[in-house]
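Student: I would like to take a close look at a single part of this structure, the place where two neighbouring helices meet. Could you take me through that part carefully, and then set it in its wider surroundings?

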Amino acid sequence: MVGRHRAHAAEVPDGLDESVLARVGNTPLVALETLSRGLGSMVHVKLESENPGGSIKDRTALSMVRAAERSGELRPGATIVESTSGNTGIGLALIGHLTGHPVVVVTGDTISEGKLAALHNYGARVVLTDWSAPSESLENARAVAARITAEIPGAWRPMQFDNPANPAAHYEGTGPEIWRQSGGTVTHFVAGIGTGGTISGNGRYLKERVAAERPGGHLEVVGADPYGSAYSGGHPGEILVDGVGNSWPEVQWPKVFDRALVDRFLRIPNDEVYTTVHLLLDKEGLALGPSSGLAVAAALRVARAAPHGSVVVAIAPDAGTNYLSKAFNPVWLAENGIRLAADAGE
Ligand code: PMP
């Protein structure tokens with residue numbers, strides 16, 4: 001357990017921590033052979049749950065911390081403070097722990113037990129606030145994070161929605177991996193959008209690579225969006241897929257999200273998202289989270305309509321084990337009006 005390891009940090013040679021940092025990225029790209037059967041094209045998923053902290057956000061956290069260390073914004077041993085509801089906090093807690101920065105995560109009092117345990121295991125200080133507090137309230141998570149940052153000398157806030165090191169993690173890491181793993185054959189890239197770092201960094205890299213190496217070729221970037229999100233032009237409302245979509249009353253486009261890279265959006269109903277989560281487990285043996293179900297559902301639609309032999313790559317940001325009380329809980333599904341298709345094995 002990392003918490004125990006931390007207590008004995010002085011006895012642990014540096015190389016051991018470095019080897020965990022080196023395990024961020026280089027995740028597998030696997031073919032969904034059963035779900036793609038009969039579609040005429042193969043869907044592949046990039047399994048980001050294989051990162052040491054369990055999600056794609058390990059890449060973002062490492063990239064932002066390294067960039068801030070290089071620019072001098074983050075001094076050795078200085079504290080990292082971020083308000084976040086989920087994987088970014090866990091990524092920062094892990095990376096901060098391994099790079100010698102204390103981490104303070106300001107999060108909602110509704111955080112799941114599993115995520116809270118992960119934050120504590122990596123030695124983060126967790127400050128619980130009322131996640132629904134409006135921006136003008138003193139209880140608002142961003143306001144609390146700003147106060148804590150001001151109180152701790154040298155403290156730094158990564159601000160993942162504005163930080164160019166977020167999409168750079170994908171331009172420099174995830175994108176080149178997908179290109180290499182697909183042998184340069186990828187034709188469609190599909191991802192959900194939270195900050196937009198994933199879709200922007202991968203989209204830019206893969207489009208540039210196709211333009212350079214497949215004259216006249218095209219790579220289509222597809223944004224998978226849940227119901228309730230305004231990114232795809234829908235009415236803002238409740239979003240039942242963690243980590244993605246935008247339900248603010250006025251759509252706010254994060255600085256790191258380059259919309260011009262998205263060729264089209266697909267809005268996927270919740271029933272289809274959660275049915276896909278269950279099909280991934282039943283047919284492929286992959287226990288993945290709801291935003292993975294969203295991206296794969298969109299990718300299956302793309303593969304069905306694409307020219308024969310297309311190579312569709314979808315991002316799977318994290319594992320299903322984080323969502324046992326939701327995606328894999330019939331009571332939660334029923335309470336939220338989600339109906340799984342009959343062949344999803346429920
Ligand atoms: N899925 C999950 C589970 C996430 O936590 C996030 C990050 N908020 C995303 C998808 C979207 O990634 P990005 O912020 O790079 O758009």
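Tutor: In this predicted model, the meeting of the two helices can be read from the residues on each side: H7 contributes Asn166, Pro167, Ala168, Ala169, His170, Tyr171, Thr174, Gly175, Pro176, Ile178 and Trp179, and these meet residues of H8 that include Gly197, Thr198, Ser200, Tyr205 and Arg209. Helix H7 covers residues 165–181 and helix H8 covers residues 197–213, and the two pack with their axes 7 Å apart, at an angle of about 50°. That angle falls between the 35 degrees under which helices count as roughly parallel and the 65 degrees at which roughly perpendicular begins, so H7 and H8 are oblique to each other. The crossing in which H7 passes H8 is right-handed.

For the wider surroundings, the domain assignment gives domain 1, made of 15–50 + 174–341, and domain 2, made of 57–151. Their C-alpha centres lie 25 Å apart, and where the domains touch, 12 residues of domain 1 are in contact with 10 residues of domain 2. On the domain 1 side of that contact, helix H2 (residues 14–21) supplies the largest share, 3 residues.

The largest nonpolar core has 88 residues, and among those that touch the most other members are Val43, Val190, Ala299, Val312 and Ala314. Helix H10 (residues 290–305) provides the largest share of this core, 9 residues, while domain 1 and domain 2 each give at least three residues to the core. Leaving aside residues up to four places away in sequence, alanine 299 touches Val43, Val190, Val312 and Ala314.

Technical notes:
Residues are numbered from 1 along each chain as its sequence is written. This is a predicted model: local features need pLDDT of at least 70, side-chain atom pairs count only at pLDDT 80 or more; totals for chains, interfaces and linings use all residues. A nonpolar core is a set of buried Ala, Val, Leu, Ile, Met, Phe, Trp, Tyr and Cys residues joined through C-beta atoms within 7 Å. A residue is buried if 20 or more other C-beta atoms lie within 10 Å of its own, exposed if 12 or fewer, and partly exposed in between; C-beta atoms are placed from the backbone. Helices (H or I, at least four residues) and strands (E, at least two) are DSSP runs, numbered from the N terminus. Domain bounds come from an automatic or database domain assignment. Two residues are in contact if their C-beta atoms, placed from the backbone, lie within 7 Å. Axes are lines fitted to C-alpha atoms, for helices over the stretch in contact, and angles run from 0 to 180 degrees between N-to-C directions. Angles under 35 degrees count as roughly parallel, over 145 as roughly antiparallel, 65 to 115 as roughly perpendicular and the rest as oblique. A crossing is left-handed if the near helix is turned anticlockwise from the far one by less than a right angle, and right-handed if clockwise.
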